[in-house]
Every structure is written in structure tokens, then in C-alpha cells.
Amino acid sequence: MRVLVKSPLAGTFALSLLLLVAVGGWLLKDPNTTRSEALKTGGLAGGAIVALYALWLNDRRRRVEERRQEIERQRHDLEMRRTEQDRERISDERFAKSVELLGNDADQVRVGAMHALAGVARSRPEYTQTVLDVLCSYLRRPYTHACYEQSGPATDPHDRDGVTGTPEQELELQVRLTAQRLIVDLLPEADDAKAPGYDLDLTGAAVEYLDLSGRKIGKILLRYAGLHSSTNLSGCRILGPAYFTAAGSTRGRLIGSFRCRDTTFQQRAWFSGTIFGAKADFRGATFAGETNFKYAVFAGDADLKDVTFTNGLSLHQTRFGGHVDLTFKQAPKSLELYNTMVDPDQEIALPPEWKLEPLRDGKARIVVA
């Protein structure tokens with residue numbers, strides 16, 4: 001018994017030999033069984049014990065190997081978690097340092113900090129919305145430029161009339177243009193169905209040549225924003241609400257062209273009080289939610305040809321100063337017209353059921369026939 005306990009292999013052979021002798025001896029008592037048959041049967045019985053031991057030994061080895069592999073897997077997972085934690089720590093430190101450098105007095109340092117933030121977002125996609133929020137907050141900082149101080153309409157959105165700002169204003173403008181470009185680079189393509197829609201909060205921001213064309217956006221806020229030179233949202237897919245309330249004006253100056261061709265607004269689009277200083281091009285756009293141009297001013301041409309409205313439209317006290325094309329592809333379910341003013345000397349294209357009503361001051365307003 002001690003041998004069996006201390007050495008399973010020796011115990012197995014002893015038991016096999018014992019079984020061989022026992023079975024062989026028992027069969028030899030039968031006169032009809034030959035000695036060779038008895039030995040053969042006893043050998044088979046003893047061999048079965050050895051085979052069972054071999055199976056048990058193989059199973060034991062398998063379980064040991066499985067445990068070893070499990071330990072290796074756990075060790076690998078632990079190393080991966082440690083590596084991931086190190087990456088997160090490095091990203092957090094890099095993010096915090098970059099945000100701190102945005103307050104540096106040197107413009108090149110601020111530009112480098114913005115590129116570092118964009119790098120964090122590219123390597124860690126979960127940082128993307130946070131980085132966009134930081135870049136947008138930088139653009140919301142108070143900023144003015146000498147050409148923004150001019151009064152009167154901007155007949156050419158690309159012409160600064162030879163006006164340049166101070167060296168500090170020009171350097172800061174380059175930093176702000178860098179922030180705008182990085183925002184565009186971090187936004188997914190409009191046709192990328194798997195990509196999320198990131199929110200942009202540019203409330204009160206002063207932006208110049210803002211070009212978000214062909215991008216997918218979540219919610220966009222441009223309330224009271226100064227849209228200088230030109231703004232391009234053509235081909236965008238805007239998933240959330242879009243607010244342009246009172247955008248486009250700086251000290252009474254009507255500024256910038258506004259391009260919004262083939263753009264899809266999946267929720268409400270609010271342009272109440274927005275000032276369009278040059279041509280506003282909405283041709284082919286789709287407005288799936290409530291759309292509001294209440295008190296909006298179109299100082300230049302307004303092109304809304306082939307626009308699709310699947311909900312309500314408000315043109316309450318909207319003013320059109322140039323050529324107007326309101327021949328929609330799909331008319332809104334509900335319409336609000338009240339003192340919607342146009343210049344009758346300009347080319348006006350209206351739906352068949354609308355007409356112009358002349359006023360005493362030489363102006364005209366749109367009414368439903």
C-alpha cells in the first residue's frame with residue numbers, strides 16, 4: 001500500500017501483475033481452458049489496468065497543461081491591462097499638458113498644443129469629443145480683428161478691403177484657423193454610417209472660412225457666432241439640433257457667404273435672427289425637423305430651390321434683399337408667413353400657390369394665394 005501511495009506507476013504494475021496471476025490461476029482451474037488461453041486472458045486483464053493508468057496519467061497531464069495555459073492567459077491579460085493603464089496615464093498627462101499650454105503667450109506653442117490634442121484624439125478615440133470641446137472653447141474666447149470692425153454689407157466675402165489687423169491679431173488668427181482645421185479633421189465623413197456624430201458648440205465664436213463640408217456632426221451650436229468671410233456646410237449630415245440663432249453679425253456688419261447645398265438636417269434647424277451677408281445657398285438641402293427662419297435677414301441672394309421640408313417652416317418677418325428662389329422640392333407640412341418681405345425689383349421665384357403683395361413703400365411681401 002505504501003508503494004502504491006508513493007509511486008502510482010509501481011502500484012499499477014503490482015496490481016496488473018496481481019490481476020494477471022489471479023485471473024490466470026482462476027482460469028487454469030477450468031479443465032476446458034488451456035494454459036495459453038489463461039495467460040492470454042490474465043494478460044489482457046493486467047493490460048487493462050495499465051491502459052487505465054495511462055489514460056489517467058494523460059488526463060492529468062492535460063489538466064496541468066490547461067492550468068498552465070490559464071495562468072499564462074491571466075498573466076497576459078494582466079500585462080495588457082497594465083499596458084492599457086500606462087497608455088491611459090500617458091494620454092491623460094499629454095492631454096492635461098496640452099490644455100495647459102493653450103494658455104501660453106507664444107502662438108507657436110498654442111498651435112503645437114492643439115496638434116498634440118488632435119494626436120491624443122486620434123490615438124484614443126474616446127477623447128475625440130473632449131478634444132473637440134476644448135478646441136471649440138478656444139474659438140469661443142473673445143477675439144476681434146480690424147476688418148471685423150467695418151460697417152456696411154460685405155459685397156465680396158473674400159475681400160478684406162486691404163484691412164489688416166495688428167501683429168497680435170494676425171498671429172492669433174492663424175492659431176484660430178489651426179483650431180478650425182483640426183476640428184474638421186476630427187469629424188467623420190458624412191457617409192460613414194458607423195462613426196458617431198460629435199457635437200460642436202461654437203456659441204458666440206468668431207470664425208473665418210469655416211468649412212465643415214461633407215462631415216457628420218451631432219449637435220451644432222452657432223448661436224450669436226460671427227461667421228466671417230464664408231461658411232460652408234454643404235454635404236453635411238447633422239444628426240442633432242442645429243442652432244444658428246442670430247449668427248452672422250458683428251457690430252451691424254453683414255458678413256460672409258453661407259453654403260449649405262445638399263445638407264441633411266435630421267432634427268430642428270433654427271436660423272431665427274440669422275444675418276446672411278452674402279449669398280445663402282441651400283439648394284438641395286433636406287430639413288427633417290422644424291425649420292425656423294423667423295426674423296432672418298438675407299442681404300444677398302437666397303437660393304432654396306429643390307429644398308425638402310418634411311416638417312414645419314417659419315418665415316415670420318423674414319427679409320429677402322436679393323434674388324430669391326423658393327421653389328421647394330417638397331413643401332413643408334405647415335407654413336408661417338407674416339410680413340415676409342422681398343424686393344420686387346429682384347428676381348423672385350415662388351411656388352404656384354404663393355404670390356407677391358405690393359406695399360406702399362415699394363416693397364412687397366409673400367402671401368399664400
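# Why the labels fit

Me: Why is Phe287 called buried?

Reply: In this predicted model, Phe287 has a relative accessible area of 0%. Buried means under 20%, so Phe287 earns the label.

Me: What makes the pair of Phe95 and Tyr127 tilted?

Reply: A pair of rings is described by the distance of the centres and the angle of the planes. For Phe95 and Tyr127 the centres are 5.7 Å apart and the planes are at 50°. Rings pair when their centres lie within 6.5 Å, and 5.7 Å passes that test. Planes under 30 degrees apart would be stacked and over 60 edge-to-face; 50° falls in between, so the pair is tilted. A search of the whole structure finds 20 aromatic pairs, and Phe95 with Tyr127 is one of them.

Me: How do you know that this pair links distant parts of the chain?

Reply: Look at where the two residues sit. Phe95 belongs to helix α3 (residues 35-101), whereas Tyr127 lies in the loop between α4 and α5 (128-139). They are 32 residues apart.

Me: Are Phe95 and Tyr127 buried or exposed?

Reply: Phe95 has 17% relative accessibility and Tyr127 has 12%. With the limit for buried at under 20%, Phe95 is therefore buried, and Tyr127 is buried too.

Me: Why is the pair of Phe282 and Phe287 called tilted?

Reply: The ring centres are 6.2 Å apart and the planes meet at 40°. The distance is within 6.5 Å and the angle is neither under 30 nor over 60 degrees, so the pair counts as tilted. We have already seen that Phe287 is buried; Phe282, at 0% relative accessibility, is buried as well.

Me: Why are α4 and α6 called roughly parallel?

Reply: Two packed helices are described by the angle between their axes and the distance between the axes. The axes of α4 (residues 107-123) and α6 (residues 167-186) come within 9 Å and cross at roughly 5°. Angles under 35 degrees count as roughly parallel, and therefore α4 and α6 get that name. On the α4 side the contact includes Val111, Met114 and Ala118, and on the α6 side it includes Val175, Ala179 and Leu182. The residues of this contact divide into nine nonpolar, two polar and five charged.

Me: What makes Arg223 count as lying over the face of Tyr243?

Reply: Arg223 is 4.3 Å from the ring centre of Tyr243. The distance limit is 6 Å, and the charge must also be within 35 degrees of the ring normal. Arg223 is placed over the face of Tyr243, and Arg268 likewise lies over the face of Trp270, at 4.6 Å from the ring centre.

Me: Why is Tyr209 called partly exposed, whereas Tyr224 is called exposed?

Reply: Tyr209 has 37% relative accessibility, a value between the limits of 20% and 50%, so partly exposed is the right label. Tyr224 reaches 53%; exposed means over 50%, so Tyr224 is exposed. Tyr209 is found in strand β2 (residues 206-211), while Tyr224 is in the loop between β3 (216-221) and β4 (226-232). Phi is positive in Tyr209, near 55°, and in Tyr224, near 60°; neither residue is glycine.

Me: How do you know that Ala247 is buried, and what does Ala247 touch?

Reply: The relative accessibility of Ala247 is 0%, which is under 20%, so Ala247 is buried. This residue sits in the loop between β6 (242-243) and β7 (249-250). Leaving out residues up to four places away in sequence, Ala247 touches several residues, among them Leu222, Tyr224 and Ile275. Ala247 and Ser272 are 25 residues apart in sequence and 8.7 Å apart in space, C-alpha to C-alpha.

Me: What makes Ala369 exposed?

Reply: Ala369 has a relative accessible area of 67%. That is over 50%, so Ala369 is exposed. Ala369 comes in the segment after β26 (364-368) and touches Glu353, Trp354 and Lys355, not counting residues up to four places away in sequence.

Me: Why is Pro241 called buried?

Reply: The value for Pro241 is 18%. With under 20% as the limit, Pro241 is therefore buried. Across the protein chain of 369 residues, buried residues make up 42%.

Terms used
Residues numbered from 1 in each chain as written. Predicted model: local features only at pLDDT ≥ 70, side-chain atom pairs only at ≥ 80, totals over all residues. Heavy atoms only, no water. Axes fitted to C-alpha atoms, helices over the stretch in contact; angles between N-to-C directions. Helix = DSSP H or I, 4+ residues; strand = E, 2+ residues; numbered from the N terminus. Parallel < 35°, antiparallel > 145°, perpendicular 65-115°, else oblique. Contact = heavy atoms within 4.5 Å. Nonpolar A, V, L, I, M, F, W, Y, C, P; charged D, E, K, R; others polar. Phe/Tyr/Trp six-rings, centres within 6.5 Å; stacked < 30°, edge-to-face > 60°. Buried < 20%, exposed > 50% of the residue type's maximum accessible area, 1.4 Å probe, protein only.
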